[in-house]
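Trainee: I would like to learn how to read a protein model step by step. Could we begin with charged side chains and then move on to other features?

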Amino acid sequence: VQLQASGGGLVQPGGSLRLSCAASGNIFSINSMYWFRQAPGKQRELVAMSASGGATNYVESVKDRFTISRDNAKNTVYLAMNSLKPDDTAVYYCYAEIRSSASAAFRGYWGQGTQVTVSS
């Protein structure tokens, strides 16, 4: 199983970006999918979560600016980021709980990270 993240880049304050993370490989089902970020010198933090049943959750600092969504048919999770601020600058990582068969346990998988830089 692999997770491939994309969509990062350089954007001015107030701008928007949309991140994507596609899971591939031997996938039977996916439970929750997440976006984390890690800024230089800081710990990795949870940004947003999308449960398989549709519930979502966000860290307070991105509420009303970021939206997590998923396309289950494509095994893909997205993060739409609006009104970006310099403090949002970080490497963004996706994470998913995936199982490869009906009898297997869910395992966690990380994507490779995509850089988001918010600067004028």
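Trainee: Is Glu60 buried or exposed?

Mentor: Since this is a predicted model, please take each value as something computed from it. Burial is read from the relative accessible area, and a residue counts as exposed when that figure is over 50%. Glu60 has a relative accessible area of 59%, so it is exposed. Its side chain meets that of Lys63 in a salt bridge, with 3.3 Å from N to O, and Lys63 is partly exposed, with a relative accessible area of 37%.

Trainee: What is the general idea behind such a pair, and how many salt bridges are there in total?

Mentor: Side chains of opposite charge can pair when their charged atoms come close. In this model the count comes to 4 salt bridges. Some of them share partners, and in this way Arg37, Glu45, Arg65 and Asp88 are joined into one network.

Trainee: Which residues does Arg37 pair with, and how far apart are the closest atoms?

Mentor: Arg37 forms a salt bridge with Glu45, where the closest N and O atoms are 2.7 Å apart, and another with Asp88, where the closest N and O atoms are 3.0 Å apart. Asp88 lies in the loop between β8 and β9 while Arg37 belongs to strand β4, so this pair ties together parts that are 51 residues apart in sequence.

Trainee: Are these partners buried or exposed?

Mentor: It is worth taking them one by one, with under 20% relative accessible area as the limit for calling a residue buried. Arg37 has a relative accessible area of 6%, and therefore counts as buried. Asp88 is buried as well, whereas Glu45 is partly exposed, with a relative accessible area of 30%.

Trainee: Let us turn to the backbone. What is the sign of phi in Asn75?

Mentor: The general idea first: most residues other than glycine have a negative phi. Asn75 is not a glycine, and yet its phi is positive, at about 55°. This residue is found in the loop between β7 and β8, where the two strands form a hairpin with 4 residues between them. Asn75 is partly exposed, with a relative accessible area of 24%.

Trainee: Where does Ser83 lie, and what is its phi?

Mentor: Ser83 lies in the loop between β8 and β9. Its phi is near 50°, again a positive value in a residue other than glycine, and Ser83 is partly exposed, with a relative accessible area of 41%.

Trainee: Both loops adjoin β8. How should I read the pairing of that strand, and which strands do bridges join to it?

Mentor: When reading a pairing, look at the direction in which the two strands run and at the partners along them. β3 and β8 run antiparallel and are joined by 6 bridges; here the bridge partner of Cys21 is Val77. β7 and β8 also run antiparallel, with 6 bridges between them, and in this pairing Ile68 has Leu79 as its partner. β8 is mostly covered, since 5 of its 6 residues are buried.

Trainee: Which residues touch the most other members of the largest nonpolar core?

Mentor: That core has 30 residues, and those that touch the most other members are Leu3, Trp35, Phe66, Leu79, Met81, Tyr92 and Ile98. Among the elements that give two or more residues to this core are β1, β3, β7 and β8, but β9 gives the most, with 5 residues. Leu3 shows how distant parts of the sequence can meet: leaving aside its neighbours within four places, its contacts include Cys21, Cys94, Ile98 and Trp110.

Trainee: Finally, how do I read the whole protein: how many helices and strands are there?

Mentor: There are 0 helices and 11 strands. The radius of gyration is 14 Å, close to the 14 Å that the globule rule gives for 120 residues, so the protein is as compact as a globular protein of that length. Its C-alpha trace spans about 50 × 25 × 25 Å along the principal axes, and buried residues make up 42% of the 120 residues. Of the contacts with a separation of 6 or more, 55% are between residues 24 or more positions apart.

Key: Residues are numbered from 1 along each chain as its sequence is written. This is a predicted model: local features need pLDDT of at least 70, side-chain atom pairs count only at pLDDT 80 or more; totals for chains, interfaces and linings use all residues. Side-chain values use heavy atoms; hydrogens and water are left out. A nonpolar core is a set of buried Ala, Val, Leu, Ile, Met, Phe, Trp, Tyr and Cys residues joined through side-chain atoms within 4.5 Å. Buried means under 20% relative accessible area, exposed over 50%, partly exposed in between (1.4 Å probe, protein chains only). Contact means heavy atoms within 4.5 Å. Two strands pair if DSSP finds at least two bridges between them. The radius of gyration is taken over C-alpha atoms; the globule rule is 2.2 Å times the number of residues to the power 0.38.
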